[in-house]
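Me: I am new to this structure and should be grateful for a close look at a single part of it. Please take the sheet as the starting point and then set it in its surroundings.

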Amino acid sequence: MPRISSRLWIGALALVMSVVACTNDPYPGADARRKIYYTSFNEAPKSLDPAVAYDTAAHAVTGNVYGSLLEYHYLKRPYTLIPGLAKALPTRETAADGSVSYAFELRPGLLYHADRCFALAGKGADGKALRTREVVAADVAFELMRVADGKVGSPVVRKFATIKGFLEFRKRLRALRQASPAFSRQPVHVQYARAGGVAGIVVTGKYGLRLDLSRPDPQLKYWFAMPFTSPVPWEAVQYYDGEDGRPHFRDHPVGTGPFRLAIYQKRLRMVLVKNESWYGVRHPEWRAPGATYPSEGSAADRRRGRLDPAYAGKPLPFIQRVEFRLEKESIPAFNKFLQGYFDRSGIISESFDKIVLNDALSPEMRARGIRLEKSVQASLFYIGFNMLDPTVGAKAGRRGRKLRQAMSLAIDVPEYLRLFQNGRGVVAHSLIPPGLYGYSRKYRNPFSDFDLARARKLLAEAGYPKGIDKKTGEPLKITFDTGSTSAQAMLRYQYFINSWRRIGVDVEVNATNYNQFLEKLKLGAYQIYFTGWIADFPDPENFLFLLESSSGRKESGGSNYSNFFNLRYDLLYHAMRAMENGPKRLAAIREMVSIVERERPWIELFHDESYVLSHPWVKNVKSFGLSYPVLKYLDLEPAQRARLRKSWNQPIRWPLWIALALLAAFILPGVVTFFRERQ
Amino acid sequence: MLAYIVRRLAFGFATVLGVLFVLFVLFFAVADPDDMAIRAIGERASPETYAAWKRNHGYDKPLILNPKHGWTSHRRYTETLLVEHYARMLSFRFGRSDSDDTPIWRRIREGAGPSLSLTLPLFVLGLVIGVALSLAVAFFRDTYIDRSVLVVCMLGMSVASLIYIIGGQYLIGKLLRWFPISGFDPDPAVIGRFLAIPILIGVLAEFGGTVRLYRTVFLEEVNRDYVRTARAKGCGEIRVMIRHVLRNALLPIITNVVLAIPFLFIGSILFESFFGIPGLGALTVEAIGGNDFSTLRTIVYIGALLYILGQILTDICYSLADPRVRLGAGASG
């Protein structure tokens with residue numbers, strides 16, 4: 001009995017000690033005072049191969065690990081390109097035959113971050129295997145050829161189709177591989193060389209690269225501000241082949257960015273650390289625009305402390321390490337932000353009304369020093385019609401057009417935003433989002449304003465008074481195909497169904513998972529669908545191409561899900577695509593917008609608006625509006641963070657003591673009585 | 001005993017073969033390899049990319065009969081997905097994940113650690129607390145303590161695990177700020193913080209059922225003759241409970257324990273998913289969501305193997321714990 005009692009006491013003491021020492025801090029104490037930026041991710045990127053990665057989750061890593069030839073100015077709007085790894089913006093040359101060339105020149109002395117793959121490149125002067133090497137123009141050419149290579153599976157092949165010989169190289173490479181297994185076994189860079197390379201990609205010297213285009217393509221330069229065109233060492237592609245315990249190249253990036261990926265645990269965390277080989281770190285004296293904090297910006301930037309003289313012209317990056325922690329559920333992730341364990345966060349719908357009052361931060365959040373950054377994303381969410389469908393599509397002629405116009409007028413978009421987006425979003429009147437060339441705040445689409453009476457009138461004119469087909473006497477039935485079966489998504493879809501029901505159109509939701517939805521799109525087996533598009537780069541072409549006929553989903557598997565075909569639109573698109581911004585281009589864009597307004601292949605709904613919260617210890621914050629790496633511009637004050645975290649997270653222990661006291665008060669009399677009766 | 005073990009192992013092997021056949025039907029006949037390729041690499045890849053993917057993942061053979069070879073050739077029957085599936089699974093060559101090409105063994109190895117770090121302490125603590133409390137309740141039988149604990153157990157059993165998880169995260173993690181709401185870090189300095197809430201909630205969620213079961217077992221033993229004899233000999237009540245009652249009530253406890261042990265490796269789907277613990281339970285959910293058929297197939301197979309193994313171990317432990325249980329060929333027990 002005495003032995004058991006003493007063990008019980010020890011156990012109780014251990015419990016008390018553990019509760020007294022408890023903390024909700026998820027990080028080791030030693031990291032509290034270091035410049036570590038904490039953020040979350042909910043799913044590991046599928047690929048970190050810069051030729052393949054095309055989602056924001058992957059871009060958060062690849063954008064920081066792979067340096068690009070061009071970058072965007074962090075503060076200037078409209079978006080302005082600046083040189084990155086390139087010495088200057090590319091020069092454009094027009095030949096006598098009208099063909100265009102762009103010439104890039106890399107900065108000399110750029111290095112890849114240290115990696116064992118460079119042992120393949122040979123030995124250094126000291127006789128030891130190389131750990132890094134200089135970046136050369138041939139590495140950019142190699143990466144462009146990887147984009148063309150069908151085996152790599154890059155999703156942006158067509159974007160480079162204007163480079164002379166780009167698609168021909170792709171075909172040639174495939175034919176050579178099919179003809180000779182021995183060819184396929186050679187290292188990829190050897191295969192590319194033996195396939196003759198791409199005619200329009202000319203390495204003019206160690207640092208010089210020229211792109212010869214078959215026709216003018218002003219948008220091409222934007223792709224050089226993305227990781228698709230970052231220099232990639234052939235050694236990394238060859239060495240990281242997934243064999244003999246080596247990871248795949250897609251899981252082991254080797255780049256030239258301000259950070260390198262030090263830890264990659266797909267189901268736990270990703271850690272970026274400052275790349276000591278980055279030119280901004282090795283050569284601060286260059287004061288390169290992509291490696292120093294900007295000193296120019298707007299009045300709003302100055303007001304919001306983004307032009308602090310303490311930062312202007314200072315070498316980047318300021319952060320030593322970036323920790324991405326896996327958080328599958330949004331609610332715990334947001335709670336951790338409120339506790340100070342993540343440095344920035346979006347706002348979850350469940351907490352929106354507590355955080356934002358009258359479109360501004362709540363007093364409670366302001367008291368904590370939290371700041372809100374709002375920005376309209378270069379995006380568009382829309383409902384599309386399948387123009388190949390005999391009822392809602394082009395085949396129905398005037399009837400179909402009036403039906404689409406009526407259905408467009410029946411949707412109250414501001415109400416939708418209020419109900420499902422907490423008001424976050426800008427009502428879309430055209431397919432071009434705010435901030436992009438061609439957007440007009442004054443433009444009102446006559447079919448975007450909610451008007452049930454006009455909708456009913458147009459429906460009757462279409463031959464469906466009150467939703468009844470005059471020809472057959474049968475009610476009009478339409479199917480709405482969706483790529484999500486979640487309850488939340490179904491509520492959103494139901495909103496549209498109810499809107500159309502108010503004018504008498506009976507629409508049925510056909511919900512499937514995303515893969516099945518894609519299959520339907522491929523087969524053209526749908527009438528109406530809901531989707532969205534986020535810009536790759538800040539140019540209207542990136543939205544207008546979504547309705548160009550050669551991208552028709554059914555015919556070419558392209559992004560024109562509506563299979564919209566309008567000859568005038570196509571002509572204008574191709575003309576506009578080759579133009580630099582100016583009155584001619586603007587006129588072409590406006591005419592294309594008016595065609596979409598009249599034909600209604602889409603019901604433009606809204607441009608998404610992002611609300612990002614930042615803690616007071618995060619400096620130089622600015623919402624970018626594009627998927628773009630900005631970590632190198634951010635700075636932290638770890639001492640302030642540690643102090644605030646401590647004050648916000650004092651554990652509340654008194655409920656435990658009360659619970660234990662109540663338990664003891666409840667049990668002890670029974671125990672005492674029991675033993676007394678036994679005695 | 002040896003003959004029995006051999007016979008049980010043989011039955012177990014036959015069951016494994018059956019399980020593999022069911023897996024084959026579910027994962028190959030119902031979900032076509034072409035469909036798997038489309039789901040894994042998207043619908044816009046070239047035909048040769050699909051072919052290469054199927055070749056790399058071992059899906060490039062016919063299902064049951066290979067028409068490339070004649071009826072008399074053994075290759076007509078062996079160079080098929082069915083035989084390949086059996087050969088791979090039985091030799092534990094699980095291949096690569098359909099979703100990200102990672103070797104499945106590596107994924108399982110990486111997931112087993114976090115799973116065990118959660119399930120092992122949860123299992124041990126749950127068992128120790130469950131047995132100790134049921135013993136105490138049996139000791140205080142027919143008092144208000146006994147009745148109160150039973151009421152609490154019933155209440156506890158009536159609440160779904162999900163409510164415990166969400167409530168626990170909110171109360172302990174958010175309001176009281178004792179431990180992190182979710183997440184995981186294998187660093188020994190902080191791992192305890194991440195596991196505290198799931199373990200605490202896990203013990204609470206299991207507590208009702210365990211205490212009720214073991215209490216019944218102990219009460220049955222308490223009223224037996226040997227207990228009365230021990231008391232008559234002057235043995236103290238606590239000594240009677242621990243040395244006699246607990247020892248003799250081991251059989252059903254062992255059944256529960258041994259059956260549960262294999263599943264410790266598989267992890268907890270619910271806890272791992274909600275707390276962001278990168279174990280095998282969460283891997284199962286990810287494999288389902290990510291159309292990762294090869295990983296899912298392997299986890300189901302390993303689960304079945306462990307279950308069969310657990311059954312055999314339970315039978316063997318029975319005989320060790322209770323000499324009255326005979327497992328020979330002619331035994332009825």
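Which residue in β19(A) is the bridge partner of Phe480(A)?

Reply: In this predicted model, the bridge partner of Phe480(A) in β19(A) is Ile528(A). That bridge belongs to the pairing of strand β17 (residues 477-482) of chain A with β19(A), which is parallel and rests on 2 bridges.

The pairing is one part of an open sheet of 6 strands in chain A, whose order is β16-β20-β15-β19-β17-β18. The pairing within this sheet is mixed. At its edges stand β16 (426-427) and β18 (506-511) of chain A, each of which pairs on one side only.

On its other side in that order, β19(A) is followed by β15(A). Strand β19 (residues 528-534) of chain A runs antiparallel to β15(A), and 7 bridges join the two. Within this pairing, Ser379(A) has Ile534(A) of β19(A) as its bridge partner. Strand β20 (residues 602-607) of chain A also runs antiparallel to β15(A), joined to it by 4 bridges. Here the bridge partner of Ile383(A) is Ile603(A) in β20(A). Strand β15 (residues 379-385) of chain A is largely enclosed by the rest of the structure, because 6 of its 7 residues are buried.

The surroundings of the sheet may be taken next. The domain assignment of chain A lists domain 1 (6-22 + 652-678), domain 2 (70-232) and domain 3 (379-607). Between the C-alpha centres of domain 1 and domain 2 of chain A the distance is 70 Å.

The largest nonpolar core comprises 200 residues, and Leu144(A), Ala406(A), Leu459(A) and Met592(A) have the most contacts inside it. Helix α3(A) gives the most to this core, contributing 8 residues. Domain 2 (70-232) and domain 3 (379-607) of chain A each supply at least three residues to this core. As a general tendency, nonpolar side chains in soluble globular proteins are buried together.

Helix α3(A) therefore deserves a description of its own, since its 12 residues (137-148) should span 16 Å at 1.5 Å a residue, and the 17 Å between its end C-alpha atoms agrees with this. The helix is mostly covered, with 11 of its 12 residues buried. Among these buried residues are Asp139(A), Glu143(A) and Arg146(A), as well as Phe142(A) and Leu144(A). The elements that cover them include α4 (166-179), α6 (188-194), β6 (201-203), β7 (208-213) and α7 (234-239) of chain A. Leaving aside residues up to four places away in sequence, Leu144(A) touches Phe160(A), Val198(A), Ile201(A) and Thr229(A).

A second, separate core has 19 residues, including Val137(B), Ala138(B), Phe218(B) and Val245(B). This leads to chain B, which contains 15 helices and 0 strands. Its radius of gyration is 25 Å, whereas a compact globule of 333 residues would have one near 20 Å. Along the principal axes, the C-alpha atoms of chain B fill a box of roughly 80 × 60 × 35 Å. Buried residues make up 33% of the 333 residues of chain B. Among contacts in chain B with a separation of 6 or more, 66% link residues 24 or more positions apart.

Methods
Residues are numbered from 1 along each chain as its sequence is written. Chains are lettered from A and ligands numbered from 1 in the order in which they are written. The expected span of a helix is 1.5 Å times one less than its number of residues. A residue is buried if 20 or more other C-beta atoms lie within 10 Å of its own, exposed if 12 or fewer, and partly exposed in between; C-beta atoms are placed from the backbone. Two residues are in contact if their C-beta atoms, placed from the backbone, lie within 7 Å. A nonpolar core is a set of buried Ala, Val, Leu, Ile, Met, Phe, Trp, Tyr and Cys residues joined through C-beta atoms within 7 Å. Domain bounds come from an automatic or database domain assignment. Two strands pair if DSSP finds at least two bridges between them. The radius of gyration is taken over C-alpha atoms; the globule rule is 2.2 Å times the number of residues to the power 0.38.
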